[in-house]
Amino acid sequence: MKNKYYSIITEGIFSNNPVAKQVLGICSALAVTVKFKTAFVMGFSLTFVMMFSGLTISLLRNLIPRNIRIIAELIIIATLVIIIDQVLKAYLYDISKQLSVFIGLIITNCIVMGRAESYALMNKPFESFCDGLGNGIGYSFILLVVAFIRELLGSGSIAGFKVIPDYLYKIGYQDMGLMLLAPGAFIVIGLIVWLMNSFEKGTK
Amino acid sequence: MSEDTTERIRGVIFAAILSCVCGLLIVTTVSTLKDRQDKNILNDKRINILKSVGLIKENIKLSFNEISRLYTENISSYYVDSDGEILPDNSDVSKKIKIYFYLKDGAIEAYIIPIDTRGLWGKILGYLALQSDGSTIRGFTVYSHGETPGLGGEIESKWFRNNFVGKKIVDQQYDFVSISVAKGKTTEKNAENYVDGISGATLTGQFLTTGLKQILMNYEPVSLRFRSGSIGKKFKLGGSPGNNEK
């Protein structure tokens with residue numbers, strides 16, 4: 001039994017990674033990976049929403065009529081996200097301020113809809129919960145790697161701490177402005193997808 | 001009834017029930033949490049007002065009551081009319097704009113202007129505090145914005161806000177020029193009236209520049225009075241100061 005859930009989770013992280021394999025959630029991956037911290041917050045909140053949207057939709061899977069299933073999924077996801085947002089605003093105001101626009105971005109994140117559509121509607125609640133967890137971690141993992149590279153090359157820091165010493169700047173080193181913009185993220189994500197695919201081919 | 005029709009009716013009923021349940025859930029959450037949220041928002045505004053004049057240092061957490069005490073002890077809210085006349089909180093002149101004073105021993109130490117302007121994606125809300133000389137910036141804070149985190153969102157970061165401290169809104173002849181966000185770093189030539197820009201967020205900077213100029217223009221009558229010394233440290237305030245910031 002343990003192995004089954006374990007493999008559902010690892011599948012989301014590696015062999016069926018939402019960003020690298022399913023190519024979902026690219027838009028938010030471009031937007032929030034300028035800084036390590038924002039990527040972390042986004043990854044964490046998305047994972048949380050994914051787990052519970054998977055669970056709820058899977059519980060209702062036999063009730064939801066096929067012809068309006070996407071609308072139903074969207075209502076459930078949006079309700080969940082709004083409630084979380086409201087609770088954060090009331091009890092964890094500082095965190096809710098940091099999350100700012102991310103909360104809204106979660107509703108429209110195609111990974112949540114994608115997994116609801118292709119997994120939660122056909123599988124048992126706890127399995128869908130694990131699938132949400134796995135895909136959430138998979139997404140966060142890519143986000144963190146991209147953010148790490150972008151922040152290091154674009155701002156010369158890691159998670160807000162300066163790592164490039166001042167004397168390097170003095171002798172002419174410059175931060176890579178391209179990394180702060182969306183094209184920089186496209187290039188990094190492209191390279192990661194390539195790396196992950198060739199690594200997988202190598203292990204086969 | 002054909003199978004198709006039953007399916008449709010089932011869809012409509014399901015959608016209606018689901019919407020009602022979800023709607024009810026949201027309404028309950030929102031209405032039960034409203035008071036707490038309002039309290040947080042008020043507290044956050046106070047923190048930002050206090051921060052803009054330097055009464056709260058960065059990274060120091062204070063309880064709600066401590067902030068409330070600090071606020072009522074030091075900050076009073078007033079209005080100014082279009083001639084720069086200071087009006088008490090309860091006056092009913094139609095064209096009035098909000099202003100806060102940081103009072104120290106009965107004298108005005110600094111005045112605080114609420115910032116409410118357009119950003120690239122949404123409103124930028126914050127406070128700009130000016131010294132009682134009417135030309136030097138004491139502090140700048142942002143408490144709400146919709147800019148992209150990591151790019152335009154950097155306007156709320158410490159380095160960007162600290163950028164403003166000590167800058168002037170006037171040129172060397174004491175004529176009003178406002179404060180602008182530079183594209184990239186400031187140069188030695190424009191350092192007095194410009195702050196360093198954020199790389200990757202030129203447009204946010206432009207919107208902020210335009211907005212700040214417009215707002216400071218509106219407050220120019222009162223700034224002029226501070227600059228000429230007619231409301232200086234010795235000025236006695238008439239009327240009763242208010243402490244509510246609605």
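What radius of gyration does chain B have, set against that of a compact globule of 246 residues? Before I answer, let me say that what we have in front of us is a predicted model, and everything that follows should be heard with that in mind. For a compact globule of 246 residues one would expect a radius of gyration near 18 Å, whereas chain B comes out at 23 Å. Along its principal axes, the C-alpha trace of chain B spans about 85 × 45 × 40 Å. Of the 246 residues in chain B, 32% are buried, and if we take the contacts in chain B with a separation of 6 or more, 54% of them join residues 24 or more positions apart.

Let me turn to the secondary structure of chain B, which amounts to five helices and eight strands. Read from the N terminus, the order of the elements in chain B is α-α-β-β-β-β-β-β-α-β-β-α-α. Six strands of chain B form an open sheet with antiparallel pairing, and their order in that sheet is β2-β1-β3-β4-β5-β6. At the edges sit β2 (86–87) and β6 (137–144) of chain B, each of which pairs on one side only. Inside this sheet, I would point you to strand β3 (residues 96–104) of chain B, which pairs with strand β4 (residues 107–118) of chain B in the antiparallel sense over five bridges; to pick out one bridge, B:F101 has B:Y111 in β4(B) as its partner. As a general reminder, the strands of a sheet pair through backbone hydrogen bonds, either parallel or antiparallel.

Next, the interface, where 26 residues of chain A are in contact with 24 residues of chain B. On the side of chain A that touches chain B, the element that gives the most is helix α4 (residues 69–91) of chain A, with 10 residues. Sorted by class, that side of chain A has 18 nonpolar residues, six polar ones and two charged ones.

Finally, staying with chain A, I would like to look at one helix pair, namely helix α7 (residues 110–120) and helix α8 (residues 125–155) of chain A, whose axes come within 11 Å and cross at roughly 145 degrees. The crossing of α7(A) and α8(A) is a right-handed one. From α7(A), the residues A:I111, A:R115, A:Y119 and A:A120 meet A:S128, A:D131, A:G132, A:N135 and A:Y139 of α8(A). By class, the residues of this contact between α7(A) and α8(A) are four nonpolar, three polar and two charged.

Terms used. Residues numbered from 1 in each chain as written. Chains lettered and ligands numbered in written order. Predicted model: local features only at pLDDT ≥ 70, side-chain atom pairs only at ≥ 80, totals over all residues. Contact = placed C-beta atoms within 7 Å. Helix = DSSP H or I, 4+ residues; strand = E, 2+ residues; numbered from the N terminus. Nonpolar A, V, L, I, M, F, W, Y, C, P; charged D, E, K, R; others polar. Rg over C-alpha atoms; globule rule 2.2 N^0.38 Å. Buried ≥ 20, exposed ≤ 12 C-beta atoms within 10 Å, placed from the backbone. Axes fitted to C-alpha atoms, helices over the stretch in contact; angles between N-to-C directions. Left-handed = near helix turned anticlockwise from the far one by under 90°. Pairing = 2+ DSSP bridges.
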